Amino acid sequence: MCEGAVPKLGTTIHITALDGIINVNSLFTLAVFIGLAWNPHDQNNSLATDTNCFAKPKVAEDLVAFHVYSFSCFLFSSLIALCLKQAIRLAKSAHHFPTIYSLDLAQINKNALRVGYLVSAAGSVCGSVFLMLALINVVQIKLGILGCGSKHTYGAVIPLVIFVPLGLLINVCTVFYAFTR
């Protein structure tokens, strides 16, 4: 086996992990498209009763920008993951290793695979952060701006800014652990 190569039977695990990244990114991309289809300027969509609590046009502009940034990051991450899957498949066919059902018997450079995972994970993390920021803007448009102190606004935003970064921290730690193994 080559120095720095992934063990032959390890590529099935890698393909499954890449499929997971692609599937999650696809779900988030769908959420972004649904968010972009919504018209934030429709005043009938706001549940705020005080006109001082209505979100300004800048919040709606940020909402659209964050959706586009999120989409870009998820698309980037998915494309990197797809490239890694293709590289694994090409390595398998280039070495003429047989495929026995779902057992991929390929050898690819472990360092290249690690960097690819890291870049793909970074794209997913950035996309998640931008999606969270877009959702905060949705909450401000629907329930009133954060500065008004509505318990409903804070009740929606506080769990979002706690659980999303916590999930991302766990994701980053897992990727870092996999990166060092």
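1. A residue counts as exposed when its relative accessible area is over 50%, and as buried when that value is under 20%. The model discussed here is a predicted one. Phe 163 has 58% relative accessibility, so Phe 163 is classed as exposed.

2. Phe 163 sits in helix α4, which covers residues 151-180. Phe 163 also belongs to a nonpolar surface patch of about 750 Å². The other contributors are Tyr 154, Ile 158, Val 161, Ile 162, Leu 166, Leu 169 and Ile 170. On helix geometry in general: an α-helix has 3.6 residues a turn, so residues three or four places apart point the same way.

3. Overall architecture. The chain contains four helices and zero strands. In sequence order the pattern reads α-α-α-α. Of contacts between residues at least 6 apart in sequence, 79% link residues at least 24 apart.

4. Burial and surface. The chain has 181 residues, and 34% of them are buried. About 10,600 Å² is exposed, with 71% of that area supplied by carbon and sulfur atoms.

5. The largest nonpolar core has nine residues. Its members are Ile 15, Leu 18, Ile 21, Ile 22, Ala 81, Leu 84, Ile 88, Leu 113 and Tyr 117. Helices α1 (11-37), α2 and α3 each give at least two residues to this core. The largest share is from α1, with four residues. Another core, of six residues, lies apart from this one. Val 59, Leu 63, Phe 66 and Ile 141 are among its members.

6. Ile 21 deserves a look. Which residues does Ile 21 contact, leaving aside neighbours within four places in sequence? They are Ser 77, Ala 81, Tyr 117, Ser 120 and Ser 124. Of these, Ala 81 and Tyr 117 are listed with Ile 21 in the nine-residue core.

7. Ser 78: buried or exposed? Ser 78 is buried, because its relative accessibility is 11% and the cut-off for buried is under 20%. Ser 78 is part of helix α2, residues 57-94. Residues up to four places away in sequence aside, Ser 78 touches Ile 22 and Asn 25. Ile 22 is itself a member of the largest nonpolar core.

8. Helix α3 spans residues 110-143, 34 residues in total. From first C-alpha to last, α3 reaches 48 Å. That is close to the 50 Å expected at 1.5 Å a residue. Gly 144 follows α3, and its phi is positive, near 115°.

How values were computed
Residues are numbered from 1 along each chain as its sequence is written. This is a predicted model: local features need pLDDT of at least 70, side-chain atom pairs count only at pLDDT 80 or more; totals for chains, interfaces and linings use all residues. Side-chain values use heavy atoms; hydrogens and water are left out. Patches are made of residues with over 30% relative accessible area and no salt bridge: like charges are joined within 9 Å, nonpolar side chains (Val, Leu, Ile, Met, Phe, Trp, Tyr) within 5 Å. Accessible areas come from the Shrake-Rupley method with a 1.4 Å probe; for residues, only the protein chains shown count as cover. A salt bridge is a side-chain nitrogen of Lys or Arg within 4 Å of a carboxyl oxygen of Asp or Glu. Buried means under 20% relative accessible area, exposed over 50%, partly exposed in between (1.4 Å probe, protein chains only). The expected span of a helix is 1.5 Å times one less than its number of residues. Contact means heavy atoms within 4.5 Å. A nonpolar core is a set of buried Ala, Val, Leu, Ile, Met, Phe, Trp, Tyr and Cys residues joined through side-chain atoms within 4.5 Å.
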